[in-house]
Amino acid sequence: MTGQRATPRVGATHASPLRRLLQRGDPFVWLTGSALGICLLMIAGLVAIVLTKGLGFFWPGQLLQVALTDGRVFLGEVVTRETIPDPDRPDRRPRHRIQLHVGNRDLYGADFKWIDEDDIARSGYPLDALYVERREYGPLLATPQLVKRGEQTLAQGAGAATQMLDGLVRQAARDRQAISQIEKGEIGAINYEIERLRLRTRRLELLAAREPGRDVSAARAVIDQAATTAQRRYQGKQQELEGVVAAASSTYVTFVTAEGAHKELRALDLFRAYAANRLSWWARARIYFARLWEFLSGEPRESNTEGGVFPAIFGTVMMVILMSLMAVPFGVVAALYLREYARQGLLVRLVRIAVNNLAGVPSIVFGVFGLGFFIYTVGGSIDRWFFSESLPTPTFGTGGILWASLTLALLTVPVVIVAAEEALAAVPRSMREASYATGATKFQTILRVVLPAAAPGILTGLILAMARGAGEVAPLMITGVVKLAPELPLDAHFPFFHLDRKFMHLGFHIYDVGFQSPNVEAAKPMVYATTLLLLLIVVLLNLTAILVRNRLRKKFQTSAF
Amino acid sequence: MPPHAPALAAPPDSKDVRIHTAVRPRDTPREAALNAIELREVNLSYGENHVLHDITMDIGEKQVTAFIGPSGCGKSTLLRCLNRMNDLIDGVRVSGGVKVKGQDLYAPDTDVIEVRRRVGMVFQKSNPFPKSIYENVVYGLRIAGIRDRSTLDEACERSLRAAALWDEVKDRLDESGLSLSGGQQQRLCIARAIAVEPEIVLMDEPCSALDPIATLKIEELIYSLKERYTIVTVTHNLQQAARVSDMTAFFWLGKLIEYGKTPEVFTRPGEKLTEDYITGRFG
C-alpha cells in the first residue's frame, strides 16, 4: 500500500472508475457492437419471418374436423391458436380459440373461421377428407361422392370417387394445356395476323387521305383477301376450341362438405386433389415441391391470389436488365467526363452535388417525370410518327417496359455516376503516367488502363443500382406495370422484344395481392412467398454482379490497392 | 567561393559565364557525343510557386546523366519537363527552351504523343499494368497501332532481353506483370519503356523502392543500356550516381548549382554547396 502511494500515476488516482472506463473506451466498443447487433437482428428477423411464412405456405397440412356443441361441423387447416382477450375478467382461466382455414368460399362466403375451443364437442382428422385446388373460389375441402360423364355415372361412393380423382386431375391438366395451346398459340397467332392486316388497311387509308390521287385499291384487295382467309381460319379454330372445351367439360365430380352441403365441380376446373390426412411425409414433400414449382413457373389465377408468378418474375428480371443496360453505360460515360475531362471547378462541384441529391429525390417524382416526359412526350411523338395507323390506340404513348426501365435508369443513374467516379479516382496516378509515358493519348489511356482498372468499382455501382431498381415499385405503377399482363414482353412474334408492352413486377404483385385483392386474408401467405422470391431475385442478380466483380478484381488487381 | 575550382566558380547572377562553364564540360567522355537534350533558361512554376530557375544545360547523347540534390530541389520536375509529363498537372507553366535532338518540345506545333514516344520514362515505383507480362511490354506498340503478331513478339523478346529479364520470364509471358518481384517489375517497366525504341530514357529514382541486390541489377542494366540510349536518371543515392553516371548535375532550391563529369563533381566539387551535400552535411 505504501509503495503504491509512493509512486502515484498522474490522473489515475484522481479519475473516478466511471471516468477511467470512459477513457479506456470500453463503452464505445459495446455501443458499436450493439448497434451492429441490432442491425443484424432486424435483418435476420425479417428474413426469418419471410422465410418461414413464405416457404411454409406450400406445405400441405392436416385437415381438422371439429363438431361444435351447437351441431355445426367445420373442416379445415389450423392456421393459428390464440388467447381470447377478456379484459373484464383478467383473473379467469384464459380461453383459447383456433383459426381454421375452411376454404369453400362459394359455400361459406369466407375462407377463415374462428372457433372457440370451449365450443368444440368433438374433433378429429377424417381420412377421406380431400383438399381440392380448383379454378375459382379458393380450395374446396370436402369428400367426393359421385363422378359423372354426361348422364353416365363413372364412380359412386367416397372410396371409388377418390380413386378416380387422380386420373381426372391429370386429364384436366392435359385438357387445359390443349385449350391454352389453341387459345394462346394458334388463335393468338391468327389474331396477331388479323391485327396486322387491320393496321395495314388503316395505313393505306391514311395514305389515300394524304395523297388523294393515289390508287390503293389493288393493295386493298390483297389485304382484304388475306383478312378473309385469316378470318375463316379463325372461325375454324374457334369451332375446334369449342369442341375441345365441350368434350372436356362433360365430366363432373360431386363433393360433400363436412356440413353435408353438395358441390358439383367440373373436372376441367380441378387443379390438384389430395387426401390431406392420409399423406406420408414423402407424399407431402412431393406436393410441396409441385406447388413450389407451380408458384415459380405458373400463371396467376384467381386475381393473382393463387397460381404462379412467372410473368412477374420475368417482368422484374427483364426490367432490371434493361435498366442496367441503360443506366451503366450512361452513368459511366457521365462519370468519365466529370472525373477525367471536366475542369475541376465550381461548376463541376455543383454538378456533383446535384447528382448526389438526385439520388435522394422521391421515386414517385421520377415516376411522374417518366409519365410526363417519356410516355406522353417521347412516346406520344413516336406514335404520331411511326405508329399513326394504330391511333387512337397508343403503342409507345402508354406505359410499357421500355419507359419503366428508362424511368428506373434515370432513378439509379446517380448511384452509378457516384460509384464510377470513385472508382475512376481510385485508379492510381502511376498507372496513368505509365501509359502516357509510352506515348498513349488520354483517350487510349482511359480505354486501355483506367476503365479496366475501374471496372470492379463500376460494377459495385451496378450492384447498388440493381438493388435499388429491383425493389422500386412506386414509379413503375404509373409507367407500365399492370396487375395482370396477358403477354410477356418477349415472345416468338417479330420483333421478339416488345418493349411497348406492359408487364408484371414482383414488387407491384406484393402490393396488389396484399392490399388490392378481394380476399386479403387468404392471400397473405402468397404475399410472403412473393416477397421471399423478390428478395431471392435481388440477391441472385447481385450475386452474379459480385461474382463478375471478383473475377475482374483478381484480373486487374494492382499493387496500389 | 571555393578558390580551387575556378572553372565552375562563376557567380550565380552572371548567366553568360555559368552557361559557358556548365554547358561545355571541359572533356566529355566521348568526344563524338552530340547533345541529345539542350535546356536554355528553363523556368517552371506551379501556380505561384516558382520551382525551377533558369536551368541551362546540355545533356550528351548515349551517356548517363544523373540529377542529384536534396528533396524538393526540382530535379524530378526538371526530368518531367523532358517528356512533358508536367502537362498532366494543372497550373504548370514552363518557359525557356527545351530541345531534344534539335526539336523544341514546347513549340506550339509539337506533338506531345510523339515526344513521349521519343522520350520514355521509368518511374520511382514500379507500375506495371494489371495485364500479362507480354501485354505490358508491347503496350506502347499496341497504342501506336501495331497489330502484327510477329512484330510484337519480336519487340517483346528484344525489350525483355535488353532489360535483362528475358531468361527469368520467357516461360511465363502470359502471367500477370504483378506476379513478378519488385526488382523484376521495375525491369519490366524498363522493358516497356524501351519497347517503343525511344531515343532517351528518363528514370525517376528507379531504385528507391528496391533492395540492394535488385538495385545492383538495375544499375548494371543502366550501364548496358547506355550503349543504345541516352539516359537521364534522378537519384537520392549518391553512390549510385557515382557508380552509374557519366555526368552529374547538382540541384539546390530549383537552381542548377553544378554540372560536370561525375568523377570531378564527386572528388573535386566546384561549389561549396555541392561539397556540403555530397559529404553529407545537409540533404
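**Exercise 1. A salt bridge in chain A**

With which residue does Glu117(A) form a salt bridge, and how far apart are the closest N and O atoms? Work out also which parts of the chain the pair connects.

*Solution.* Before starting, keep in mind that this is a predicted model.

Step 1. Look around the carboxylate of Glu117(A): its salt-bridge partner is Arg81(A), and the closest N and O atoms are 2.7 Å apart.

Step 2. Place both residues in the fold. Glu117(A) sits in the loop between strand 4 (112-116) and strand 5 (120-124) of chain A, while Arg81(A) belongs to strand 2 (residues 73-83), so the pair ties together parts that are 36 residues apart in sequence.

Step 3. Check the surroundings. Glu117(A) has a relative accessible area of 29% and is partly exposed; Arg81(A), with 49%, is partly exposed too. The cut-off for exposed is over 50%.

**Exercise 2. Two salt bridges in chain B**

Find the salt-bridge partners of Glu135(B) and Glu157(B), and describe how accessible each of these residues is.

*Solution.*

Step 1. The side chain of Glu135(B) meets that of Arg142(B), with an N to O distance of 2.7 Å. Glu135(B) is partly exposed at 22% relative accessible area, and Arg142(B) is partly exposed at 22% as well.

Step 2. Glu157(B) pairs with Arg161(B), again with the closest N and O atoms 2.7 Å apart. These two residues are four residues apart in helix 5 (residues 149-162) of chain B, which means that about one helical turn separates them.

Step 3. For accessibility, Glu157(B) comes out at 29%, partly exposed, and Arg161(B) at 47%, also partly exposed.

Step 4. Now widen the search. The whole structure holds 48 salt bridges over all chains. Some join into a network, as with Glu133(A), Arg272(A), Arg291(A), Glu294(A), Arg301(A) and Glu306(A).

**Exercise 3. Where chain B meets chain A**

Describe the interface: its buried area, its polar links and the elements of chain B that take part.

*Solution.*

Step 1. Count the residues. Chain B brings 23 residues to the contact and chain A brings 21 residues.

Step 2. Take the area. The two chains bury about 1900 Å² between them, with 60% of it on carbon and sulfur atoms. On the side of chain B, Pro130(B), Tyr139(B) and Ile143(B) lose the most area to chain A, together 27% of what that side buries.

Step 3. Look for charged pairs. The interface has one salt bridge: Arg80(B) with Glu433(A), whose closest N and O atoms are 2.9 Å apart.

Step 4. Extend this to polar contacts, and you find six residue pairs between the chains, both partners at pLDDT 80 or more.

Step 5. Assign elements. Helix 3 (112-118), strand 6 (119-122) and helix 4 (133-143) of chain B each supply at least two residues to the side of chain B that touches chain A. Helix 4 of chain B gives the most, with four residues.

Step 6. Sort that side of chain B by class: 14 residues are nonpolar, three polar and six charged.

**Exercise 4. Two buried residues of chain A**

Are His498(A) and Ile223(A) buried or exposed, and what do they touch?

*Solution.*

Step 1. His498(A) lies in the loop between helix 14 (474-477) and helix 15 (506-516) of chain A. Its relative accessibility is 6%, so His498(A) counts as buried, the cut-off being under 20%.

Step 2. Leaving out residues up to four places away in sequence, His498(A) touches Tyr192(A), Ile401(A), Pro489(A), Asp491(A) and His493(A).

Step 3. Ile223(A) is part of helix 6 (residues 217-248) of chain A and, at 4% relative accessible area, is buried.

Step 4. With the same sequence neighbours left out, up to four places away, Ile223(A) touches Leu197(A), Arg200(A), Thr201(A) and Leu204(A). Thr201(A) is 22 residues away along the chain, and the C-alpha atoms of the two are separated by 7.0 Å.

**Exercise 5. Confidence and the start of chain A**

Where in chain A is confidence lowest, and where is it highest? Then describe helix 2 of chain A.

*Solution.*

Step 1. Chain A has a mean pLDDT of 85, and 96% of its residues reach 70 or more.

Step 2. Confidence is lowest in helix 1 (residues 2-6) of chain A, at a mean of 49, and highest in helix 3 (residues 26-56), at 92. Where pLDDT is low, the predicted coordinates should not be read in detail.

Step 3. In helix 2 (residues 17-24) of chain A, zero of the eight residues are buried, so the helix lies largely in the open. Just after helix 2, Gly25(A) adopts a positive phi of about 90 degrees.

Definitions and conventions: Residues are numbered from 1 along each chain as its sequence is written. Chains are lettered from A and ligands numbered from 1 in the order in which they are written. Side-chain values use heavy atoms; hydrogens and water are left out. pLDDT is the predictor's confidence in each residue, from 0 to 100. Contact means heavy atoms within 4.5 Å. Buried area is the accessible area (1.4 Å probe) that two parts lose on being put together, summed over both. A salt bridge is a side-chain nitrogen of Lys or Arg within 4 Å of a carboxyl oxygen of Asp or Glu. A polar contact is a pair of N or O atoms within 3.5 Å; within protein, one must be able to donate a hydrogen and the other to accept it, and residues adjacent in sequence count only if both atoms are side-chain atoms. Ala, Val, Leu, Ile, Met, Phe, Trp, Tyr, Cys and Pro count as nonpolar, Asp, Glu, Lys and Arg as charged, and the others, Gly among them, as polar. Buried means under 20% relative accessible area, exposed over 50%, partly exposed in between (1.4 Å probe, protein chains only).
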